[in-house]
Amino acid sequence: MGGAGVRENRGYRRRAGRAAAAIAAVAALAFVAAGCGGGGGGGGSSQPLTIGVSLPITGDFSQPGTAAERGYKIWQSFTNQNGGLLGRQVKLDIKDDQSDQNTIVNDYNKLIDQDKVDLLLGTFSSLLNLPASAVAEKAKMVYVEPAGGAPDMFTRGFHYLFFAQEATAQHQADLFSKWVTSLPASQRPKTAAYPTQDDPFTKPVIDGIRQQLEAAGIKTVYQTTYAPTTTDFDTIASAIKSSGADLVAEGAVFDDGVGLIRSMKRNGYSPKILFETSAPSEGDQFSKGVGLANTEGVFYAVSWSPDANYAQNKKFVQAYQKKYGGVPPEDAADAFATAQVLQQAVEAVGKVDQAAIADWLHSHSAQTILGKLSWDAKGEPQQAFLLAQWQNGKSEVVAPKSVATSDTIVNPKPGWKG
């Protein structure tokens, strides 16, 4: 997704609730229309090694698109400062798909057939990666993408597709479910509610949590799917309160996550445990939306931590802060990690051989600022997202222990303030 993330910033998700049939139709057209270019070439050339990518620099997904561009450019700078890739300086051929599915199909066709790029990198959101990856697959070019974890991405039998986060949407909250089910019986919730936006990222995340908690004996007392355009959450909050749910897991993008918390507060209902898919990852926007005191104890899943002790992570954070200011958004880190994956595969193969690069990724792991990543035959990652929780006014990673920034977990969540 997306998640995440997610996942995360996850602003691109706000338009992802479109009909699956429309997405599939565009993806099918992309597959048929794609050329059969391959971007050959290896090391030893004085010419730059060109990597093509189309990103949503403008349009509805411009926030994550711009962050991705920054992440890719920092990776490019690092690589060129250290001798390039296969001894060649890296050139990024970046196009703006304007957050549009049709435009992104044209962009990747042009990158492959006209610009003759050597390699490709992916874009943001399943909405855009679905058709873009079809273009790459038809051309038999490796397509490593930073933010497209919806299940539909991996049902097409693609060989050249790889998702460079730790888990697909349905597994992004596995560590949360594991923590809940590991609680002593006296602390474990007995009942749960599952409201979710009708979104290709959030629904699989929440379904994954529900299935795991039901298997552990935690009863589902309420579930609903609401439209992406929903703005009034009082009815949902009232229904959750009436259900008496101990735990609430919401498939929230951003505004809906803030809206449900506000409505639960108005209804005088505070669950003992609260998980939201991506709204809490929005940092200051989330804390301002619900009130800083009301962030305490809220869980979410995240792909990356600026404090994680992974190779190049500290240097990435420093480089981002120097060039752009502030803590890097998760989307920038995901893009940087995506480029790391492609780089390691190319260097291991020793030349630009698309089939060999894909084979290497299917059989090896890559070390990134997100940690170790590896993939199955469908290009699905096989790791787990980090589990984060708001504590004392800031976000902390609470699992796994190897990268945790806090050794405590707030449980139960305190009541609402103000």
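Helices and strands are runs assigned by DSSP and numbered from the N terminus. In this predicted model, helix H12, residues 354-363, lies across strands S3, S4 and S5 and runs at about 40° to S5. Those three strands belong to an open sheet of five strands. The points below cover that sheet, the nonpolar cores, a second group of strands, a hairpin and the aromatic rings.

**The five-strand sheet**

- The strand order is S2-S1-S3-S4-S5, and the pairing is parallel.
- Strand S2 (90-96) and strand S5 (161-163) are at the edges; each has a single partner strand, so one side of each lacks a neighbour in the sheet.
- On average, neighbouring strands here are turned by 25° against each other, with direction ignored.
- Strands of a sheet pair through backbone hydrogen bonds, in a parallel or an antiparallel way.
- Two bridges pair strand S3 (residues 119-121) with strand S4 (residues 143-145) in the parallel sense.
- Leucine 121 has valine 144 of S4 opposite.
- Helix H2, residues 62-81, lies across strand S1 (49-55), S2 and S3, and runs at about 170° to S2.

**Nonpolar cores**

- In soluble globular proteins, nonpolar side chains tend to be buried together.
- The largest nonpolar core has 70 residues, and the members that touch the most others are Ile51, Tyr108, Leu119, Val142, Phe316 and Leu361.
- Helix H11 (residues 330-349) contributes the most to this core, with 10 residues.
- A second, separate core has 29 residues, among them Val258, Met264, Val290 and Tyr300.
- Beyond its neighbours within four places in sequence, isoleucine 51 is in contact with nine residues' worth of partners listed here in full: Trp75, Val90, Lys91, Leu92, Asp93, Leu119, Leu120, Leu121 and Leu342.

**Strands S6, S8 and S9, and helix H5**

- Strand S6 (residues 191-197) runs parallel to S8 and is joined to S8 by two bridges.
- Opposite alanine 192 stands leucine 247 in S8.
- S8 also pairs with S9 in the parallel sense, over four bridges.
- Valine 248 has leucine 274 in S9 as its bridge partner.
- From strand S8 (residues 247-250), Leu247 and Ala249 point one way while Val248 and Glu250 point the other way, and all are buried.
- Helix H5 has these buried residues: Leu175, Phe176, Ser177, Trp179 and Val180.
- Those buried residues pack against helix H6 (202-215), S8, S9, strand S10 (299-302), S13 and S14.

**The hairpin of S13 and S14**

- S13 and S14 run antiparallel and are joined by five bridges.
- The bridge partner of leucine 387 is alanine 399 in S14.
- Asparagine 392 lies in the loop between strand S13 (386-391) and strand S14 (394-399).
- The hairpin has two residues between the strands, and asparagine 392 takes a positive phi near 50° there.
- The relative accessible area of asparagine 392 is 73%; exposed means over 50%, so asparagine 392 is exposed.
- Asparagine 392 and threonine 295 are 97 residues apart along the chain, and their C-alpha atoms are separated by 8.5 Å.

**Aromatic rings**

- There are 14 aromatic pairs in the structure.
- Phenylalanine 176 and phenylalanine 275 have ring centres 4.7 Å apart and planes at 35°, so this pair is tilted.
- This pair links distant parts of the chain, 99 residues apart: phenylalanine 176 is in helix H5 (residues 174-182) and phenylalanine 275 is in strand S9 (residues 273-276).
- Both rings belong to buried residues, since buried means under 20% relative accessible area: phenylalanine 176 has 1% and phenylalanine 275 has 0%.
- Tyrosine 226 and phenylalanine 233 form an edge-to-face pair, at 5.2 Å centre to centre with 85° between the planes.
- Tyrosine 226 counts as buried at 6% relative accessibility, and phenylalanine 233 counts as buried at 2%.
- Phe78, Trp304, Phe316, Tyr320, Tyr324 and Phe336 are linked into a cluster by ring pairs.
- Lysine 413 lies over the face of tryptophan 416, 3.4 Å from the ring centre.

Definitions and conventions: Residues numbered from 1 in each chain as written. Predicted model: local features only at pLDDT ≥ 70, side-chain atom pairs only at ≥ 80, totals over all residues. Heavy atoms only, no water. Core = buried A, V, L, I, M, F, W, Y, C linked by side-chain atoms within 4.5 Å. Buried < 20%, exposed > 50% of the residue type's maximum accessible area, 1.4 Å probe, protein only. Contact = heavy atoms within 4.5 Å. Pairing = 2+ DSSP bridges. Axes fitted to C-alpha atoms, helices over the stretch in contact; angles between N-to-C directions. Phe/Tyr/Trp six-rings, centres within 6.5 Å; stacked < 30°, edge-to-face > 60°. Lys NZ or Arg CZ within 6 Å of the ring centre and 35° of its normal.
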